[in-house]
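Subject: Structure handover and findings

Dear colleague,

I am passing on the structure below, together with an account of what came out of the analysis. Please read the notes alongside the coordinates.

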Amino acid sequence: MKIIDTHVHIGGDDMTEQMVIEMMEDYNISYVIVSNGDAAELDHRQQVLSVQHTQEEALQRTLDFARAYPDKVGVAVWIKPRLQGLTKELEKMIEENSDIIKAIKIHPFHSNISPTDRRVIPYLELAEHYRLPVVSHTGGCEAAEPIHLYEAAKMFPSIPFVMVHMGLGSDNRAALELLGRANNLYGDTTWVPMSTTVEAVNRFGAEKMLFGSDAPIDGKDTYLCNPKGERSLYQDYFHVLPNLISESDYKKIMHENAERMFNINC
């Protein structure tokens with residue numbers, strides 16, 4: 001079974017390019033879309049990080065990775081709307097690397113800025129211009145609540161918007177309800193219980209969900225277990241979900257939806 005992971009990271013020395021390649025080989029992942037956490041603006045306490053990398057620096061590292069593995073790695077551009085804003089340099093980088101850039105990445109928690117904030121709108125207009133999907137963290141603070149991504153999706157109906165986590169730390173109910181309210185709003189499986197995904201499939205169709213993981217946030221074996229050795233929920237997606245939904249629906253979630261949305265041919 002082909003697997004495309006639409007939500008993978010590099011960043012610092014904790015999540016390296018080599019870790020990503022090794023986990024892909026160990027767990028038979030065909031393709032990944034990678035964003036670089038070095039572009040985060042705020043820490044988990046919502047304080048400005050003492051060490052900052054520009055969005056252009058973070059993007060360049062991701063581009064270098066994708067250029068080294070063009071058949072395995074695509075790029076999601078992690079933006080910095082609070083401390084930088086859209087720059088001519090970033091737009092030029094996106095234009096010149098359109099073959100491997102697959103999405104714009106918003107992180108409303110690590111910026112504490114809503115997707116509909118005036119500082120984010122220029123990035124959404126850029127996504128619309130280059131026909132790029134927008135993937136956004138949801139959950140953890142008011143600015144990152146799923147409702148705001150829904151509102152952005154209504155503002156830009158030609159862009160696919162992906163609710164990463166479907167409201168991290170919640171019961172996913174709000175995100176599930178929103179899936180049915182906008183044709184261009186989607187969910188992903190990153191730290192989302194399998195039961196939520198099954199409900200999304202039953203209510204709205206398998207076209208609405210994409211496989212994502214946050215790997216290698218828990219190390220090279222994120223798909224298997226956390227650092228304490230506790231079983232990862234992604235084992236449910238690999239080994240249990242195929243028995244609960246149709247084969248055609250499973251293929252949509254694990255690779256076909258991503259191939260269509262992000263223009264992937266692997």
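Which residues of helix α5 (residues 121–130) are buried? They are Ile-121, Tyr-123, Leu-124, Leu-126 and Ala-127. Please keep in mind throughout that this is a predicted model.

The cover over the buried residues of α5 includes α2, α3 (88–96), β4 (101–106), β5 (134–137), α6 (146–155) and β6 (161–164). Directly after the helix comes Arg-131, which has a positive phi, near 55°.

The nonpolar cores

In soluble globular proteins, nonpolar side chains tend to be buried together. In this model the largest nonpolar core has 68 residues, and the members that touch the most others are Leu-124, Phe-161, Leu-185 and Tyr-223. Helix α5 gives the most to this core, with five residues. If neighbours within four places in sequence are left aside, Leu-124 is in contact with Ile-106, Pro-115, Val-134, Ala-152, Phe-156, Ile-159 and Phe-161. There is also a second, separate core of 14 residues, among them Ile-4, Tyr-31, Ile-33 and Val-162.

The pockets

The largest pocket holds about 600 Å³ of space. It is lined by 28 residues, of which Met-15, His-44, Trp-78, His-110 and Ile-217 are the closest to its centre, while β1 and α4 (108–111) are the elements that give two or more residues to the lining. Sorted by class, the lining of this largest pocket has 10 nonpolar, 13 polar and five charged residues.

The second largest pocket has a volume of about 170 Å³, and its lining has seven nonpolar, two polar and three charged residues. Among the residues that line this second pocket are Ile-94, Ser-98, Asp-99, Tyr-130, Arg-131, Met-261 and Phe-262; Arg-131 is the residue noted above as following α5.

The salt bridges

The count of salt bridges comes to 16, and three of the pairs are set out here with their surroundings.

Lys-2 forms a salt bridge with Glu-259, the closest N and O atoms being 2.8 Å apart. This pair links distant parts of the chain, since Lys-2 lies in the segment before β1 (4–10) and Glu-259 in helix α10 (residues 247–261), 257 residues apart. Lys-2 counts as partly exposed because its relative accessibility is 27%, whereas Glu-259, with a relative accessible area of 18%, is buried.

Arg-61 forms a salt bridge with Asp-38, and here the closest N and O atoms are 3.1 Å apart. Arg-61 lies in helix α2 (residues 55–68) and Asp-38 in the loop between β2 (31–36) and α2, so this salt bridge ties together parts that are 23 residues apart in sequence. At 22% relative accessibility Arg-61 counts as partly exposed, while Asp-38, at 16%, counts as buried.

In the third pair, the side chains of Arg-231 and Asp-236 meet at 2.9 Å, N to O. Why does Arg-231 count as exposed? Its relative accessible area is 54%, and the cut-off for exposed is over 50%. Its partner Asp-236, by contrast, counts as buried at 19% relative accessibility, the limit for buried being under 20%.

Finally, salt bridges that share partners join Arg-173, Glu-177, Glu-199 and Arg-203 into one network.

With best regards

Definitions and conventions: Residues numbered from 1 in each chain as written. Predicted model: local features only at pLDDT ≥ 70, side-chain atom pairs only at ≥ 80, totals over all residues. Heavy atoms only, no water. Salt bridge = Lys/Arg side-chain N within 4 Å of Asp/Glu carboxyl O. Helix = DSSP H or I, 4+ residues; strand = E, 2+ residues; numbered from the N terminus. Buried < 20%, exposed > 50% of the residue type's maximum accessible area, 1.4 Å probe, protein only. Contact = heavy atoms within 4.5 Å. 1 Å grid on protein atoms, 1.4 Å probe; cavity = no way out; pocket = protein on both sides within 12 Å on 5 of 7 lines; lining within 4 Å. Points joined across faces, edges and corners; volume = space filled by probe spheres on them. Nonpolar A, V, L, I, M, F, W, Y, C, P; charged D, E, K, R; others polar. Core = buried A, V, L, I, M, F, W, Y, C linked by side-chain atoms within 4.5 Å.
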